Amino acid sequence: MKIINCKVIVTCPGRNFVTVKIETDEGVYGIGDATLNGRELAVVSYLEDHLFPCLIGRDPQQIEDIWQYMYRGAYWRRGPVTMAAIGGIDIALWDIKGKIAGLPLYELLGGRSRDGVMVYGHANGVDIEETVDEVAKYIDLGYKAIRAQSGVPGIPSIYGVTEDKMFYEPADEGLPAENVWSTEKYMNHTPKLFEKLREKFGFEHHLLHDAHHRLTPIQAARLGKDLEPYRLFWLEDVVPAENQENFRWIRQHTTTPLAVGEVFNSIHDCQQLFSEQLIDYIRATVVHAGGITHFRRIANLADLYNVRTGCHGPTDLSPVCMGAALHFDTWVPNFGIQEYMRHTEQTDEVFPHDYSFKDGYLYAGSAPGHGVDIDEKLAARYPYKRAYLPVNRLEDGTLYNW
Ligand code: KDG
Ligand code: MG
C-alpha cells in the first residue's frame, strides 16, 4: 500500500480547523486534526511545503518510521507548529491502519480498559451567581465533573467566561483583543466561588478550575491552599510551565491536585514534572503532542509516576481530535478524565462522527479507525477567517500571560 495524495482542508464552520487527509492507492484514506488556534496557517504551510512531499509513495502502515522521519529527519525538533503538523499526519495514519484492519483504534492500541470516558464540562458565568446556575445546568445534563470559571469584579473580561455558555470560544476575528488582568482580584474571588459551589451542591460532583498560566509559584501555592477545603479534582495551569522547577514550590505547599500541559508538545516538556512527581494530571493532546505515537509515550512515562491523563479537549480542536482522543482514553491504563467542550451543530455537521455522550461519559464508536470524517463539500462553504486569542495586560499596561 502506498500514499498517493495528501491534502489539508482549512474550514471555518464558526471557527477555524485544520484537517489532514491522506489517501492511498487502495482507496483507504485517513483523517487527522492539526489545528493550532491562532496560528493555523503556519501549520498548513509546514504540512504542504515540508511534510507532504516526503510522504508520497511511502507505506502508510509504517507509522513509527514515518513519525521518526518527520521528527528526527527534520533536524529541527519540537515546537507547537512542527508537532501539530506531525500530530495531524500521525492521527490520519492511525485512522488508515484501523480501517485496513477493520478495527476501532482502541483495539489497535491494546483494547478497552473502560466502557466510557468520564468528561468534564466548562461551566462559566459573569459572576458567582451565574456560574452556580451554569454548574446546575451541567449537573442536570448528567455531568459527573464540571470545571467552573467565573468573572471577577473589577476585571472586565476574563479567560473562560463567554456569552455562549455551551460553546466556549476563546478566539476573536481580526487582531488580538486586549484584556486586563489583576492576579490579586482573581485570587480574592476564586475561593469564594468554590465555597458557594460546595455549599450549594455538596461534594458529590468533581469540581475543577483553570488558572490559565497566570500565577507565580508562590501565588499558585497560596491559591492551592485556599482551595483545599473544596476538594478540587484539579487546579489547572497555575503557572506557565516552561520552568518545570516552579512546580516544586507549589507542590510543597498544597495538596490540591495539579494539572498542566495543554500547551506542551513533547515528552521533554513533562519529564521532570513526572519524575519528581510534581503534578497529578497531564493535559497534552494527541494533536499538539505529535499524534497518538508520541502522546502514547508521554502517557506511558506518566504512568510510572502515578500521573494520569486529562486531555485538553477545547472547542478549538476539531471533532477529529476528540474522536482520536476518545479511542486513546478508552485504552490508556492511566486515564484520569477528558475535557469536553462541545462543538456547535455547524461544526458537527462538517465532521460526522460516531462518538456519543451519556450521563457524564463520552463513548468512542466502533467504526474502524477513529470514526470521524470530514464533509469536504460542506467544509468548502466556510472559508478561513483570521482570528486570534486575546492578550492580557496588567492594570498598569504591562503585557502579561493570557
Ligand atoms: O486555544 C486555547 C484554548 O484551547 C485554551 O485557552 C482553552 O485553557 C483552555 C482549556 O483548558 O480548554
Ligand atoms: Mg486550560
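**Exercise 1. The nonpolar core**

Find the residues with the most contacts inside the largest nonpolar core of this predicted model, and work out where the core lies relative to domain 1 (3-104) and domain 2 (109-366).

*Solution.*
Step 1. Start with the extent of the core: the largest one has 112 residues. Ile22, Leu47, Ile89 and Phe247 are those with the most contacts inside it.
Step 2. Next, look at which element contributes. Helix H3 (residues 80-101) gives the largest share of this core, ten residues.
Step 3. Now place the core. Residues come from both domain 1 (3-104) and domain 2 (109-366), so the core lies between them.
Step 4. A general point helps to put this in context: in soluble globular proteins, nonpolar side chains tend to be buried together.

**Exercise 2. The largest pocket**

Describe the largest pocket by its volume, its lining and the domains that the lining draws on.

*Solution.*
Step 1. Take the volume, which is about 1000 Å³.
Step 2. Turn to the walls. The lining has 33 residues, and His213, Glu262, Val263, Leu389 and Trp402 lie nearest the centre of the pocket.
Step 3. Sort the lining by character: 17 residues are nonpolar, eight are polar and eight are charged.
Step 4. Check the domains. Domain 1 (3-104) and domain 2 (109-366) each supply at least three residues to the lining.

**Exercise 3. Glu262 and its salt-bridge network**

Glu262 came up in the pocket lining. Which residue does the side chain of Glu262 meet in a salt bridge, and which network do the two belong to?

*Solution.*
Step 1. The partner is Arg283, at 2.9 Å from N to O.
Step 2. Locate the two ends. Glu262 sits in the loop between strand S10 (258-260) and helix H9 (271-275), while Arg283 sits in the loop between strand S11 (281-282) and helix H10 (291-304). The two are 21 residues apart, and the pair links distant parts of the chain.
Step 3. Consider exposure: both Glu262 and Arg283 are buried.
Step 4. Follow the shared partners. Salt bridges join Arg147, Asp210, Glu236, Glu262, Arg283 and Glu339 into one network.

**Exercise 4. Two further salt bridges**

The structure holds 21 salt bridges. Take the pairs Arg393 with Glu178 and Lys165 with Glu130, and say where their residues sit along the chain.

*Solution.*
Step 1. Begin with Arg393 and Glu178, whose closest N and O atoms are 2.7 Å apart. Arg393 belongs to strand S17 (residues 391-394) and Glu178 to strand S7 (residues 178-181), so this salt bridge ties together parts that are 215 residues apart in sequence. Arg393 is partly exposed, at a relative accessible area of 29%.
Step 2. Go on to Lys165 and Glu130, whose side chains meet at 4.0 Å, N to O. Lys165 is in the loop between strand S5 (145-150) and strand S6 (172-173), and Glu130 is in helix H5 (residues 128-140), 35 residues apart.
Step 3. Buried or partly exposed: how do Lys165 and Glu130 count? Lys165 has 15% relative accessibility, so it counts as buried. Glu130 has 27%, so it counts as partly exposed.

**Exercise 5. Residues with a positive phi**

Arg231 and Asn306 are not glycines, yet each has a positive phi. Give the angle, place and exposure of each.

*Solution.*
Step 1. Recall the background: most residues other than glycine have a negative phi.
Step 2. For Arg231, phi is about 50 degrees. Arg231 is in the loop between helix H7 (217-227) and strand S9 (234-236), and its relative accessibility of 57% makes it exposed.
Step 3. For Asn306, phi is about 60 degrees. Asn306 is found in the loop between H10 and S12, and it is exposed at a relative accessible area of 65%.

**Exercise 6. Two tyrosines in loops**

Locate Tyr305 and Tyr382, then set their separations in sequence beside those in space.

*Solution.*
Step 1. Tyr305 lies in the loop between H10 and strand S12 (308-311). Tyr305 is partly exposed, at 24% relative accessibility.
Step 2. Tyr305 and Ser275 are 30 residues apart along the chain, with 6.5 Å between their C-alpha atoms.
Step 3. Tyr382 lies in the loop between helix H13 (376-380) and strand S16 (387-388). Its relative accessibility is 17%, so Tyr382 counts as buried.
Step 4. Tyr382 and Arg15 are 367 residues apart along the chain, and their C-alpha atoms are separated by 9.1 Å.

Conventions. Residues numbered from 1 in each chain as written. Chains lettered and ligands numbered in written order. Predicted model: local features only at pLDDT ≥ 70, side-chain atom pairs only at ≥ 80, totals over all residues. Heavy atoms only, no water. 1 Å grid on protein atoms, 1.4 Å probe; cavity = no way out; pocket = protein on both sides within 12 Å on 5 of 7 lines; lining within 4 Å. Points joined across faces, edges and corners; volume = space filled by probe spheres on them. Nonpolar A, V, L, I, M, F, W, Y, C, P; charged D, E, K, R; others polar. Domains from an automatic or database assignment. Helix = DSSP H or I, 4+ residues; strand = E, 2+ residues; numbered from the N terminus. Buried < 20%, exposed > 50% of the residue type's maximum accessible area, 1.4 Å probe, protein only. Core = buried A, V, L, I, M, F, W, Y, C linked by side-chain atoms within 4.5 Å.
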